[in-house]
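Me: I'd like to learn how to read a few features of a structure like this one. Can we go through them one at a time, cysteines to begin with?

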Amino acid sequence: MAYRRYVATLAAAFAVIWVALAISPLDRGDWALENVLVVGFCAGLVLSWRHFRFSRLSYTLIFVFLCLHAIGAHYTYAKVPYDAWWQALAGRSFNSLWGWERNNFDRVVHFSYGLLLAYPIREVFLRVADAKGFWGYFLPLEFTLATSAMFELFEWAAAEVFGGDLGVAYLGTQGDVWDAHKDMVLAAGGAVVAMLATAAVNRWLQRDFSREWAESLRIKDPRPYGEDEIRRMLRHEAQAGGADLPPTSHPR
């Protein structure tokens with residue numbers, strides 16, 4: 001399938017799924033809160049289309065994650081009836097298979113955040129920031145963990161602002177005081193799995209993998225920055241005598 005048609009098909013499929021799950025959600029207020037970031041994210045994808053386009057793989061991973069989130073928003077994460085669905089199909093509780101005592105759909109989605117979105121994030125770092133070698137794997141992991149922490153802060157702020165049943169539904173801790181910490185660990189774990197898989201494929205296909213990795217960790221400039229760099233810049237300006245010359249470097 002042609003690239004544009006493939007992306008358009010994914011977008012149309014998600015639109016249909018999103019609209020279907022927007023009809024009669026379990027908690028309309030929670031559904032609206034859950035979709036604030038989704039609307040902003042999708043708008044960003046649309047607005048960036050002319051300047052930055054992801055690979056088919058990245059768009060597919062993003063599509064799967066957004067579908068999982070749409071399901072969670074429809075039922076509220078703590079009440080997604082996956083256990084009842086599994087029991088209807090298999091005749092026994094899914095939670096009992098793993099020894100779970102809570103609804104863990106939110107934990108699955110947090111893990112999926114790292115697992116499914118770390119690679120699209122890597123594309124951005126490689127193609128915009130020109131990250132190479134070690135940094136092409138570490139920075140997506142770091143960004144995943146940072147944004148996961150930011151989301152937990154967003155959840156806390158929303159719960160404080162709205163309070164009541166809406167705040168409890170959106171926060172979704174289900175009585176676990178370490179819920180935010182576990183969510184962040186799972187997101188980071190998913191990103192680690194994604195980056196290890198990506199590194200394994202690249203190690204297999206990329207002949208200069210080890211050389212690029214070593215080069216990315218090599219010190220490119222032995223000079224210290226900070227106040228020393230400012231001194232160098234001031235010296236350059238003095239030597240230029242006020243002439244309109246481009247600076248030799250930027251403050252680090």
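Reply: Sure. Two cysteine sulfur atoms count as a disulfide when they lie within 2.5 Å of each other. Keep in mind that this is a predicted model.

Me: How many disulfides does a search of the whole structure find?

Reply: Zero. Cys42 is in no disulfide, and the nearest cysteine sulfur to its own is that of Cys67, 10 Å away.

Me: Why is the sulfur of Cys67 not bonded to that of Cys42?

Reply: A disulfide is a covalent bond between the sulfur atoms of two cysteines. For Cys67, the closest cysteine sulfur is in Cys42, and because 10 Å separates them, they are too far apart for a bond.

Me: Is Cys67 buried or exposed?

Reply: Buried means under 20% relative accessible area. Cys67 has 12%, so it is buried. Cys42, with 22%, is partly exposed.

Me: Next, helices. What should the span of helix H4 be, and what is it in the model?

Reply: You multiply 1.5 Å by one less than the number of residues. H4 covers residues 56-75, 20 residues, so a span of 28 Å is expected; the C-alpha atoms at its ends are 29 Å apart, which agrees. Right after H4 comes Thr76, with a positive phi near 65°.

Me: And which residues form a nonpolar patch on the surface?

Reply: That would be Trp86, Leu97 and Trp98, with about 340 Å² of accessible area together. Leu97 sits in helix H6, residues 94-98. Its relative accessibility is 40%, so Leu97 counts as partly exposed.

Technical notes. Residues numbered from 1 in each chain as written. Predicted model: local features only at pLDDT ≥ 70, side-chain atom pairs only at ≥ 80, totals over all residues. Heavy atoms only, no water. Helix = DSSP H or I, 4+ residues; strand = E, 2+ residues; numbered from the N terminus. Patch = residues over 30% accessible without salt bridge, like charges linked within 9 Å, V, L, I, M, F, W, Y side chains within 5 Å. Areas by Shrake-Rupley, 256 points an atom, 1.4 Å probe, with all protein chains shown as cover. Salt bridge = Lys/Arg side-chain N within 4 Å of Asp/Glu carboxyl O. Buried < 20%, exposed > 50% of the residue type's maximum accessible area, 1.4 Å probe, protein only.
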